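Here are a few informal notes to go with the coordinates. I stuck to cysteines and charged side-chain pairs, so skim or dig in as you like.

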Amino acid sequence: MSIDHSASSPNTNRRTANYQSSIWANSFILTNTPDDEITLPAHEMQQLEDLKEEVRRKLMAAAGDTSKQLKFIDAVQRLGVAYWFEKEIEEALQSIYDNYHVTNDMNQDLYHVSLRFRLQRQGFNISCDICNKYKDENGSFKESLLNDARGLLGLYEAANLRVWGEDILDEALAFTTTHLMSMVEHLEYTIAEKVSQALYRPTRKRLERLEARPFMSIYQEEASHSKALLKFAKLDFNLVQSVYKKELSSISRWWKDLDFSSELPFARESGGNILLDSSMLF
């Protein structure tokens with residue numbers, strides 16, 4: 001039996017992937033851009049450092065008020081600046097966990113109970129039994145909760161951290177989803193935006209860096225927002241953006257110099273995707 005070597009012949013014409021060229025072309029490549037031009041000006045870098053210390057002080061000063069501290073931590077995380085305060089946040093949540101008693105939640109509203117559950121469920125073994133206090137004698141969630149849109153949103157976000165076998169959180173998710181969808185059009189801007197975004201994609205499933213910019217617009221409309229935290233988040237966003245621009249420029253130049261389009265015709269032009277995928281991991 002003879003073996004057909006035609007498939008491996010160097011003259012064989014291979015199919016091409018025929019991918020469309022990137023719509024960005026080489027637009028991400030920055031030419032002759034000094035490092036100091038793609039970072040914050042010196043006075044803004046100093047302001048960033050000053051604000052960082054002020055935010056740290058506010059975070060620690062809130063330790064005497066658990067609800068206030070949890071709300072501040074939530075804002076810090078959703079504004080994308082939690083990586084500056086990892087140690088402080090971990091210590092704060094550990095302290096709240098160590099000093100927690102079930103009776104603490106009895107005088108808390110649904111929003112704060114749900115917020116504590118969501119923030120601590122990400123690193124601690126938190127029971128979902130506290131949700132039972134919001135059920136009536138028939139085992140259904142109380143109708144009075146329908147007057148608390150913020151509380152429903154908090155419970156919805158918390159329920160998205162459920163694990164297998166937590167039936168009460170499955171019920172909570174179905175209950176809150178149904179009623180938030182029906183009321184979102186009748187809510188004021190700030191809470192309506194939060195509800196819309198959560199229904200589209202709950203906080204647990206969002207990428208922190210991508211959420212930061214839209215959340216700034218919502219956060220600044222809240223009467224109780226921290227001006228120092230908001231300003232710090234904006235400066236940090238600009239700083240990180242400048243770093244990403246530099247990295248994207250380097251990757252784009254690397255891709256172009258290696259001439260991947262010609263050398264690897266079966267490969268897509270994915271320099272931007274490579275950066276996005278890697279940056280979302282850290």
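**Notes on cysteines and salt bridges**

1. Let me start with a buried pair: Glu211 is buried, and Arg78 is buried too. Bear in mind that this is a predicted model. The two side chains form a salt bridge, with an N to O distance of 2.8 Å. Glu211 belongs to helix 9 (residues 208-219) and Arg78 to helix 2 (residues 66-78), so this contact ties together parts that are 133 residues apart in sequence.

2. How many salt bridges does the structure hold? The count is 14. As general background, side chains of opposite charge can pair when their charged atoms come close.

3. Lys194 and Glu222 are another pair to look at: their side chains meet in a salt bridge at 2.4 Å, N to O. Here too the link is between distant parts of the chain, with Lys194 in helix 8 (residues 189-200) and Glu222 in the loop between helix 9 and helix 10 (227-257), 28 residues apart. Lys194 is buried, and so is Glu222.

4. Back to the Glu211 and Arg78 bridge for a moment. Which residues are joined into one network by salt bridges that share partners? They are Arg78, Glu157, Arg206 and Glu211. If you are checking charge states in your own setup, have a look at this group of four as a unit.

5. Next, a pair within one helix. Glu91 and Lys87 form a side-chain salt bridge, 2.7 Å from N to O. Both sit in helix 3 (residues 86-98), and because they are four residues apart, about one helical turn separates them. Are these two buried or exposed? Glu91 has 38% relative accessibility, so it counts as partly exposed. Lys87 comes out at 56%, which means that it counts as exposed.

6. Finally, the cysteines. A search of the whole structure turns up zero disulfides. Cys128 is in no disulfide, and the nearest cysteine sulfur, that of Cys131, is 6.1 Å away. The view from Cys131 matches: no disulfide, with the sulfur of Cys128 as the nearest one at 6.1 Å. Why is this pair not counted? The cut-off is a sulfur pair within 2.5 Å, and the Cys128 and Cys131 sulfurs are 6.1 Å apart.

7. On burial of those cysteines: Cys128 has a relative accessibility of 9%, so it counts as buried. Cys131, at 7%, counts as buried as well.

Key:
Residues numbered from 1 in each chain as written. Predicted model: local features only at pLDDT ≥ 70, side-chain atom pairs only at ≥ 80, totals over all residues. Heavy atoms only, no water. Buried < 20%, exposed > 50% of the residue type's maximum accessible area, 1.4 Å probe, protein only. Helix = DSSP H or I, 4+ residues; strand = E, 2+ residues; numbered from the N terminus.
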